[in-house]
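Here are some short exercises to work through with the coordinates open. Try each task before you read its solution.

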Amino acid sequence: MSDKKEVAISVKNLHKTFKLPHEQHSGLKQLLVSVLNRNRKKGYELQHVLKGLDFDIEEGDFFGIVGRNGSGKSTLLKTLAGIYSPEKGAVQINGTLVPFIELGVGFNPELTGRENVFLNGALLGFSRDEMSAMYDDIVKFAELEKFMDQKLKNYSSGMQVRLAFSIAIRADADILLLDEVLAVGDEAFQRKCVNYFSDLKKNKKTVILVTHDMSSVRKFCNKAILIDKGVVIAQGDPNEVADSYSKQFIANNQTSIKKKHRFGTGEVIYDNMQYDLSDDIFKLEFDIINKTDQAYSDVTMGFDFCVNDEIVIGNDTRFIGKYKNGLKLDAHQRKHLVVKFKNDFGKHQFTLNANITTGLGMNVTDYMRSALQFDSNNVRYADAWKVLSHPEIIEVEEGR
Amino acid sequence: MKLSNIMSRQNRILLRELVVTDFKLRYQGSVLGYVWSLLKPLMLFAIMFVVFVHFLRFGAGVPHFAVSLLLGIILWSFFTESTTQGMQAIVGRGDLIRKINFPKYIIVISGTISALINLVLNLIVVFVFMLFDGVHFTWSLLLFPVTLFVIYSFSLGIAFFLAAAYVKYRDISHLWEVFLQGLFYATPIIYPLQMVVSIGGQFAAQLLMLSPIAVLFQLARAQVVGHEHTITADQLFSNPIYLALPYVIVAGTIVLATVYFRKSQKYFAERV
């Protein structure tokens with residue numbers, strides 16, 4: 001038996017730049033304008049996301065890619081998956097590759113569970129016959145026997161994820177790309193994921209895992225890289241990489257104090273913000289004041305919760321049916337509001353960035369960075385942001 | 001897009017699933033379901049028949065004009081449906097393109113195939129009409145599938161071009177809509193070409209018959225209702241250059257569209 005392992009993925013001097021248009025509209029007008037204004041300011045900004053990455057992944061590696069939000073790791077993953085094409089440099093892949101940028105790609109809410117299984121299966125490269133053979137196992141594993149003839153839109157999000165995951169683990173490829181798949185689902189589901197990972201490791205599959213969760217990196221990976229601002233800043237032993245990742249946050253924390261400030265147009269602003277945290281509810285109480293002579297009908301309040309100065313979860317009042325189109329506020333009116341969140345915040349020190357916008361999010365009238373700080377101590381979830389993307393707002397009470 | 005794996009096993013599986021999904025979603029929630037794809041052109045035909053044939057007397061003296069009109073409407077519906085659906089295919093499936101890598105042309109093809117299925121179903125109706133109207137079958141009917149194939153290829157070529165352009169310039173959809181409206185009137189569908197010859201003269205008819213769509217539609221009609229009742233390009237032009245021009249446009253469109261699509265497809269995921 002030879003010790004020399006084959007290279008599964010080889011990345012050489014990989015660069016990727018995105019053009020970010022200043023205006024979101026893409027159209028002929030823009031084309032005309034950019035043709036006429038060739039010598040003037042360009043209509044877009046260049047964002048250099050990957051700046052020359054070099055690394056090899058060998059067959060059978062469980063390879064971790066870690067980095068903060070915006071470090072370029074998702075772009076890297078999409079480039080490895082062939083979704084983006086490299087601008088410079090090369091990605092060479094030996095073997096078949098199946099990416100899981102998201103579970104349940106192609107799921108359509110208007111189709112039944114059964115139809116979605118076949119559609120999703122086709123995207124993973126399975127024929128009808130192959131899917132039919134696996135169908136019972138998939139349904140059983142997802143524990144959805146009674147629901148398969150219902151439309152997907154009637155499934156809870158947990159059911160959808162279970163179904164998607166049961167299909168995903170059937171994927172029979174040489175290389176698997178996983179992007180934070182673990183970031184969804186309840187504890188039972190996460191346990192299933194962990195078992196799946198252990199199986200992959202046992203079967204010597206090549207797996208590339210992109211994650212924020214250092215414990216999975218330490219537990220499963222045999223190699224890892226840390227990327228920041230598009231370059232590899234640490235690679236090799238997963239424990240060392242995980243340590244460097246954690247150190248980034250400490251370094252970042254010391255500078256974060258400088259950023260504490262408030263901005264916005266000042267038309268509608270917050271006043272007297274307070275919070276109260278109980279076992280079940282995180283209650284936020286505040287006034288909003290309209291400082292202008294004009295009445296608004298589309299005021300939205302947004303709440304972003306940060307850990308170590310990075311927004312991890314957030315929600316805003318537009319997601320509540322009653323405030324879908326915003327909240328009304330007369331000229332110079334002061335309104336007292338109570339917003340109750342379900343306390344699924346896990347065990348963290350949070351800071352809250354609170355904002356008010358008009359025009360349904362278009363115009364920021366008040367933005368308070370670190371409006372308040374609180375320590376949540378809910379042991380139901382250890383890491384809230386891996387479970388939630390939106391902390392659920394239970395109700396909003398309007399006073400005066 | 002290597003030619004060898006254009007229709008590889010995996011691509012066939014995917015194409016089939018996408019077409020089946022489209023098919024299921026299209027008429028979901030409607031009572032008559034797929035019957036609508038038969039009813040729609042028939043209703044359209046009924047309106048046009050009453051307005052243009054019955055009242056305005058278009059096609060008076062042209063035998064089997066009703067069948068010609070129906071066939072024209074059905075072919076036109078196919079052309080608009082396949083190009084419009086093909087155009088929106090890439091943008092419409094943006095969620096897939098951003099998350100998984102697979103041959104993009106599959107989506108465009110799947111968009112045109114559901115239009116093709118509709119066309120085939122509708123042609124059954126045309127066939128029934130032919131029987132009722134007492135159209136004599138001729139051997140040239142055997143060439144009809146070839147004409148259909150050329151029409152399909154042309155539509156697919158246009159769909160490829162539009163799909164790629166639409167990712168970058170969303171105005172294309174409005175532009176195409178207007179263009180189609182213009183082309184509809186510039187194509188002998190609701191009026192017979194004989195009428196153009198008798199009112200506008202030979203030159204006007206020749207001008208119309210430079211458009212590949214007009215040429216192909218007239219050819220299809222001639223093959224179905226008989227050459228003696230339909231003016232085809234070869235009756236208008238003696239110069240082979242003019243006869244070949246529409247086909248050169250068809251071939252050129254397909255080639256250029258394919259090149260353009262191949263060139264731009266690697267940026268679809270970023271732009272869509």
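**Exercise 1.** Leave aside the neighbours of Ala163(B) within four places in sequence, and find the residues in contact with Ala163(B).

*Solution.* Keep in mind that this is a predicted model. Step one is to take C-beta atoms, placed from the backbone, that lie within 7 Å of each other as a contact. Step two is to drop the neighbours within four places, which leaves Gly86(B), Met87(B), Ala89(B), Ile90(B), Val108(B) and Phe261(B).

**Exercise 2.** Place Ala163(B) in the largest nonpolar core.

*Solution.* This core has 134 residues, and Ala163(B) and Leu177(A) touch the most other members. Next, ask which element gives the largest share: helix H3 of chain B, residues 65-92, with 14 residues. Then look for a separate core: a second one, of 24 residues, includes Phe286(A), Phe305(A), Phe341(A) and Ile356(A). As background, nonpolar side chains in soluble globular proteins tend to be buried together.

**Exercise 3.** Is strand S7 of chain A, residues 206-210, enclosed or open?

*Solution.* Start with burial: 5 of the 5 residues of S7(A) are buried, so the rest of the structure largely encloses this strand. Now sort the side chains: Thr206(A), Ile208(A) and Val210(A) point one way, Val207(A) and Leu209(A) the other, and all are buried.

**Exercise 4.** Which strands pair with S7(A), and in what sense?

*Solution.* Take S3(A), residues 62-66: S3(A) pairs with S7(A) in the parallel sense over 4 bridges, and Gly64(A) has Leu209(A) as its bridge partner. Then take S6(A), residues 175-179, which is also parallel to S7(A), over 5 bridges; here Asp179(A) stands opposite Val210(A).

Terms used
Residues are numbered from 1 along each chain as its sequence is written. Chains are lettered from A and ligands numbered from 1 in the order in which they are written. This is a predicted model: local features need pLDDT of at least 70, side-chain atom pairs count only at pLDDT 80 or more; totals for chains, interfaces and linings use all residues. A residue is buried if 20 or more other C-beta atoms lie within 10 Å of its own, exposed if 12 or fewer, and partly exposed in between; C-beta atoms are placed from the backbone. Helices (H or I, at least four residues) and strands (E, at least two) are DSSP runs, numbered from the N terminus. Two strands pair if DSSP finds at least two bridges between them. A nonpolar core is a set of buried Ala, Val, Leu, Ile, Met, Phe, Trp, Tyr and Cys residues joined through C-beta atoms within 7 Å. Two residues are in contact if their C-beta atoms, placed from the backbone, lie within 7 Å.
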